[in-house]
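Visitor: I should like to be guided through this structure step by step, with the reasoning set out in full. Where would you suggest that we begin?

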Amino acid sequence: MKKFLIFFSFLFAVNITNAQTTNTLTAQSIYENCEKTINKTNIQNSVKANIEDVKNERKLRQCLKNKIIQISSTFIEKTEIENLKKTINNIEKDNQNLYRIIIFCQQNKDTSWCQENYSQDTSLGKLILEKSITSEIYRILEVILDAKNEGFRF
């Protein structure tokens with residue numbers, strides 16, 4: 001009986017690992033397909049290049065979000081899809097707001113950047129923020145794929 005339980009446990013673990021590997025590959029292929037739809041930035045001016053890179057990162061993220069909703073619609077209650085969209089959008093907004101507060105709203109700093117000029121940020125930090133948010137959206141894609149395939153990773 002012990003041998004059977006050990007063998008069954010091993011098979012169960014292998015199936016979870018295989019499902020996660022398959023889902024990761026699928027998430028990677030979705031990411032790569034989304035990435036192919038975006039024009040690469042070939043601008044020499046670093047500020048203008050950062051602005052274009054941020055735009056491209058947002059396009060990539062929108063493509064990933066669209067895929068998340070498309071996949072989710074196949075197994076999540078239809079009434080919850082709108083909540084899923086709002087939750088994902090809030091993740092983006094919350095990260096951007098956190099960045100704004102931490103970077104631009106420090107004491108004894110120019111408060112105009114905290115209140116009004118935040119949208120003019122063209123720094124490398126802004127691009128890093130956008131890539132970080134995309135990474136979170138990618139992780140949600142992996143979770144959605146796992147859930148669709150009855151995986152256990154969250």
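Guide: Helices here are DSSP runs of at least four residues in state H or I, strands are runs of at least two residues in state E, and both are numbered from the N terminus. The model is a predicted one. Read along the sequence, the chain shows the pattern α-α-α-α-α.

Visitor: How many helices and how many strands are there in the chain?

Guide: The pattern along the sequence is α-α-α-α-α. The count for the chain agrees with that reading: zero strands, and helices numbering five.

Visitor: What percentage of the residues in the chain is buried?

Guide: A residue counts as buried when its relative accessible area is under 20%. The chain has 154 residues, and the buried share of them is 31%.

Visitor: What share of the accessible surface of the chain belongs to carbon and sulfur atoms?

Guide: The accessible surface of the chain comes to about 10500 Å². Of this surface, the part that belongs to carbon and sulfur atoms is 56%.

Visitor: Which helix gives the largest share of the largest nonpolar core?

Guide: The largest nonpolar core has 24 residues, and those with the most contacts inside it are I30, I68, I137 and L141. Two or more residues of this core come from each of helix 1 (2-36), helix 2, helix 3 (78-104) and helix 5 (124-148). In general, nonpolar side chains in soluble globular proteins tend to be buried together. With eight residues, the largest share of this core is that of helix 5.

Visitor: Which residues is L141 in contact with, leaving aside its neighbours within four places in sequence?

Guide: L141 is among the residues with the most contacts inside the largest nonpolar core. Leaving aside neighbours within four places in sequence, its contacts are A27, I30, L64, I68 and I71.

Visitor: What share of the contacts with a separation of 6 or more is made by residues 24 or more positions apart?

Guide: Contact means that heavy atoms lie within 4.5 Å. Among the contacts in the chain with a separation of 6 or more, those between residues 24 or more positions apart account for 68%.

Visitor: Is E57 buried or exposed?

Guide: E57 is found in helix 2, which spans residues 46-72. The limit for a buried residue is under 20% relative accessible area. Because its relative accessibility is 6%, E57 counts as buried.

Visitor: Which residue forms a salt bridge with E57?

Guide: Leaving out residues up to four places away in sequence, E57 touches E130, K131 and T134. In the salt bridge, the closest N and O atoms are 3.0 Å apart. The pair links distant parts of the chain, 74 residues apart, with E57 in helix 2 and its partner in helix 5. That partner, partly exposed with a relative accessible area of 45%, is K131.

Visitor: How many residues apart in sequence are the parts that E92 and K65 tie together?

Guide: The side chains of E92 and K65 meet in a salt bridge of 2.6 Å, N to O. E92 lies in helix 3 and K65 in helix 2, so the pair ties together parts whose separation in sequence is 27 residues.

Visitor: About how many helical turns separate E142 and R139?

Guide: The side chains of E142 and R139 meet in a salt bridge of 3.7 Å, N to O. E142 is buried at 9% relative accessibility, and R139 is partly exposed at 29%. Because the two are three residues apart in helix 5, their separation is about one helical turn.

Visitor: Which residues are joined into one network by salt bridges that share partners?

Guide: The structure holds eight salt bridges. Those that share partners form one network, joining R58, R61, K65, E92 and E130.

Visitor: Which side chain is joined to that of Q96 by a polar contact?

Guide: Q96 lies in helix 3 and is buried, with a relative accessible area of 18%. Beyond its neighbours within four places in sequence, Q96 is in contact with R58, R61, Y118, L129, E130 and I133. The polar contact of 3.4 Å joins the side chain of Q96 to that of E130.

Visitor: What is the approximate area of the nonpolar surface patch made by L98, I101, I102 and I103?

Guide: I102 is found in helix 3, and at 48% relative accessibility I102 counts as partly exposed. Together, L98, I101, I102 and I103 make a nonpolar surface patch of about 340 Å².

How values were computed
Residues are numbered from 1 along each chain as its sequence is written. This is a predicted model: local features need pLDDT of at least 70, side-chain atom pairs count only at pLDDT 80 or more; totals for chains, interfaces and linings use all residues. Side-chain values use heavy atoms; hydrogens and water are left out. Buried means under 20% relative accessible area, exposed over 50%, partly exposed in between (1.4 Å probe, protein chains only). Accessible areas come from the Shrake-Rupley method with a 1.4 Å probe; for residues, only the protein chains shown count as cover. A nonpolar core is a set of buried Ala, Val, Leu, Ile, Met, Phe, Trp, Tyr and Cys residues joined through side-chain atoms within 4.5 Å. Patches are made of residues with over 30% relative accessible area and no salt bridge: like charges are joined within 9 Å, nonpolar side chains (Val, Leu, Ile, Met, Phe, Trp, Tyr) within 5 Å. A salt bridge is a side-chain nitrogen of Lys or Arg within 4 Å of a carboxyl oxygen of Asp or Glu. A polar contact is a pair of N or O atoms within 3.5 Å; within protein, one must be able to donate a hydrogen and the other to accept it, and residues adjacent in sequence count only if both atoms are side-chain atoms.
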